[in-house]
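Grab a coffee and work through these exercises with the model open beside you. Try each task before you read its solution.

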Amino acid sequence: MIGVMPPSSLAPSFLLSMPQLMDPNFSRTVVLLCKHSEEGAFGLVVNRPLVTTGRVTVNLDPPVSTDRELQVWVGGPVEPQRSWVLVGEEPDEAEELRGMKIADGLYLSTSPDLLRRLLEPMPPPQTRLIIGYSGWGPGQLEAELEDSAWLLSDVSVELIFSTPPEQMWEAAIRRLGADPSALQMSRGVH
């Protein structure tokens, strides 16, 4: 769906999980919220690496495989067989490689050509192969925000690509001026 997002859209933003969010899929996660509307929300966890070893074959036509260590990121528990490429720079490529613009300097692509380039010995910088995603039904994310399960923050391309994944959640919380160790297991004040 191409068009103007309703003014109530929270995307693009980071969702930072709070301690009271008990789902193990989202413990200490930073989620890049890509789309948000009345129909629900779509996001990608950006601090959950999955290192593969051995031969990796990617289902492209023709199939491509690589023996080098390939870093794959787990975007969430939904549809782990689907993949996206997160690109952290303004594309100088053809329009079809560009994909969906998430924020300034941040694009989401499903381009097989870009995926193929990720498997080459010198993959493009600031690109991530992400499998699976995080999804919310209509009103679900709003309810979780109301229950103080998430903190909202602005998107930082630098945080995604320049911060070690195990430090990203804490760094994102500190960007808000909060101390991660002071976050309480409590409900928000409404």
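A quick reminder before you start: this is a predicted model.

**Exercise 1. Classify Arg82 and its salt-bridge partner as buried, partly exposed or exposed.**

Start with Arg82, which has a relative accessible area of 37%. The partly exposed class runs between 20% and 50%, so Arg82 belongs there. Next, find the partner: the side chain of Arg82 meets that of Glu79 in a salt bridge, 3.9 Å from N to O. Glu79 comes out at 29% relative accessibility, so Glu79 counts as partly exposed too.

**Exercise 2. Find out which parts of the chain the Arg175 salt bridge ties together.**

First, the partner is Asp154, with the closest N and O atoms 3.1 Å apart. Second, place both ends: Arg175 is in helix α5, while Asp154 is in the loop between β12 (150-153) and α4 (157-162). Third, look at the spacing: the two are 21 residues apart, and the pair links distant parts of the chain. Finally, check exposure: Arg175 is partly exposed at 37%, and Asp154 is partly exposed at 49%.

**Exercise 3. Trace the network of salt bridges that contains Glu170.**

Begin with one bridge: Glu170 pairs with Arg28, the closest N and O atoms being 4.0 Å apart. This pair links distant parts of the chain, as Glu170 lies in helix α5 (residues 165-175) and Arg28 in the loop between β1 (13-17) and β2 (30-37), 142 residues apart. Both ends are partly exposed, with relative accessible areas of 32% for Glu170 and 43% for Arg28. Now widen the view: Arg28, Glu170, Arg174 and Asp179 are linked in a network of salt bridges. For the whole structure, a search finds seven salt bridges.

**Exercise 4. Work out how the rings of Phe42 and Tyr133 are arranged: stacked, edge-to-face or tilted?**

Step one is distance: the ring centres are 5.2 Å apart. Step two is the angle: the planes sit at 45°, which falls between the 30 and 60 degree limits, so the pair is tilted. Step three is location: Phe42 is in strand β3 (residues 40-45) and Tyr133 in strand β11 (residues 127-136), 91 residues apart. Phe42 is buried at 15% relative accessible area, and Tyr133 is buried at 15%. The structure holds six aromatic pairs. Elsewhere, ring pairs link Phe26, Trp136 and Trp150 into a cluster.

**Exercise 5. Describe the surroundings of Gly76.**

Place it first: Gly76 is in the loop between β7 (70-74) and β8 (78-87). With a relative accessible area of 10%, Gly76 is buried. Then list the contacts: leaving out residues up to four places away in sequence, Gly76 touches Val45, Ile131, Gly132, Tyr133 and Ser134. One last check is the C-alpha distance to Asn25, which is 7.0 Å although Gly76 and Asn25 are 51 residues apart along the chain.

**Exercise 6. Locate the nonpolar cores.**

Start from the general trend: in soluble globular proteins, nonpolar side chains tend to be buried together. Here the largest nonpolar core has 28 residues, and those with the most contacts inside it are Phe14, Leu32, Leu86 and Leu106. Apart from it lies another core, of 11 residues, among them Leu15, Leu21, Ala41 and Trp136.

Technical notes. Residues numbered from 1 in each chain as written. Predicted model: local features only at pLDDT ≥ 70, side-chain atom pairs only at ≥ 80, totals over all residues. Heavy atoms only, no water. Helix = DSSP H or I, 4+ residues; strand = E, 2+ residues; numbered from the N terminus. Buried < 20%, exposed > 50% of the residue type's maximum accessible area, 1.4 Å probe, protein only. Core = buried A, V, L, I, M, F, W, Y, C linked by side-chain atoms within 4.5 Å. Contact = heavy atoms within 4.5 Å. Phe/Tyr/Trp six-rings, centres within 6.5 Å; stacked < 30°, edge-to-face > 60°.
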